[in-house]
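Let's take a walk through this structure together, one stop at a time. Keep the picture in view as you read.

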Amino acid sequence: MYLPQTIKCQFIAKSWAESPFHEMENAGKLSHANIVNTISGELVAEGVLEYLLAYPNTQGAEVPFIGYERIIGTIGSLNGSFIIKHNGIFSPTAGVSGTIEIVSGSGTNDFSEIRGKGKITAKAGEHGGEYFLELERVA
């Protein structure tokens, strides 16, 4: 079964539920978000994502985030699931930029030996963006 070396796909946040879990006066807040993404393009899938976000005290400043997303879907004739680790920054003016990496050993079915890394991007004000992944199979 053929696994492309690179894939580019789009995601749209089908749902986003965010709530703070720790706030201090003049110290920003910590928040978590539960997200469900619809993914299309070379990867057709649903993504179930949990983010941790660290909002700084300064209004409008960049917000760093980390998270894990289980991707369940297909790449061509291949199907299964795998987990992606997210590490990025949200800017109210520039949008989202960051890195993504497939968690080793997280794949199922046709993706049981997959690994890879790439980028996440999204424009400010939009509820979606793009993933770009460089993929390989573990021998």
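A salt bridge here is a side-chain nitrogen of Lys or Arg within 4 Å of a carboxyl oxygen of Asp or Glu. Side chains of opposite charge can pair when their charged atoms come close. Please keep in mind that the model you see is predicted. By the rule just given, it has three salt bridges, and they make a good place to start.

Begin with Glu130 and Lys8, whose closest N and O atoms are 3.8 Å apart. Glu130 belongs to strand E8 and Lys8 to strand E1, so this pair ties together parts of the chain that are 122 residues apart in sequence. How far do these two partners show at the surface? Glu130 has a relative accessible area of 28%, which means that it is partly exposed. Lys8 counts as partly exposed too, because its relative accessibility is 42%.

Now look for Lys14 and Glu46, another salt bridge, with 2.9 Å between the closest N and O atoms. Here the link runs from strand E1, where Lys14 sits, to strand E3, the home of Glu46, and the two residues are 32 residues apart. Lys14 is exposed because its relative accessible area reaches 53%, and the cut-off for that word is over 50%. Glu46, at 33%, is partly exposed.

The remaining stop on this part of the tour is Arg115 with Glu136, whose side chains meet at 2.8 Å, N to O. Since Arg115 lies in strand E7 and Glu136 in strand E8, the pair ties together parts that are 21 residues apart in sequence. Arg115 is partly exposed, with a relative accessibility of 40%. Glu136 is also partly exposed, again at 40%.

From charged pairs, let's turn to the pockets. The largest pocket has a volume of about 430 Å³. It is lined by 22 residues, and the closest to its centre are Trp16, Phe90, Val96, Glu126 and His127. Which strands help to build this lining? At least two residues each come from strand E1 (6–23), strand E2 (29–41), strand E3 (44–55), strand E6 (95–102), strand E7 (114–122) and strand E8 (128–137). Strand E3 gives the most, with four residues. What kinds of residue make up the lining of the largest pocket? By class, there are 15 nonpolar, five polar and two charged residues.

The second largest pocket holds about 170 Å³ of space. You can trace its lining through Gly28, Lys29, Tyr55, Pro56, Asn57, Thr58, Gln59, Gly60, Ala61, Val63, Phe90 and Pro92. In this lining, six residues are nonpolar, five are polar and one is charged. Phe90 is worth finding in the picture, as it is among the residues closest to the centre of the largest pocket and also lines the second largest pocket.

Our last stop is on the surface. There, Phe21, Leu30, Leu52 and Ile66 form a nonpolar patch, and together they have about 350 Å² of accessible area. One member, Leu30, is found in strand E2. Is Leu30 buried, partly exposed or exposed? Its relative accessibility is 35%, so Leu30 counts as partly exposed. That value also fits the rule for patches, because their residues need over 30% relative accessible area.

Note on methods: Residues numbered from 1 in each chain as written. Predicted model: local features only at pLDDT ≥ 70, side-chain atom pairs only at ≥ 80, totals over all residues. Heavy atoms only, no water. 1 Å grid on protein atoms, 1.4 Å probe; cavity = no way out; pocket = protein on both sides within 12 Å on 5 of 7 lines; lining within 4 Å. Points joined across faces, edges and corners; volume = space filled by probe spheres on them. Nonpolar A, V, L, I, M, F, W, Y, C, P; charged D, E, K, R; others polar. Patch = residues over 30% accessible without salt bridge, like charges linked within 9 Å, V, L, I, M, F, W, Y side chains within 5 Å. Areas by Shrake-Rupley, 256 points an atom, 1.4 Å probe, with all protein chains shown as cover. Buried < 20%, exposed > 50% of the residue type's maximum accessible area, 1.4 Å probe, protein only.
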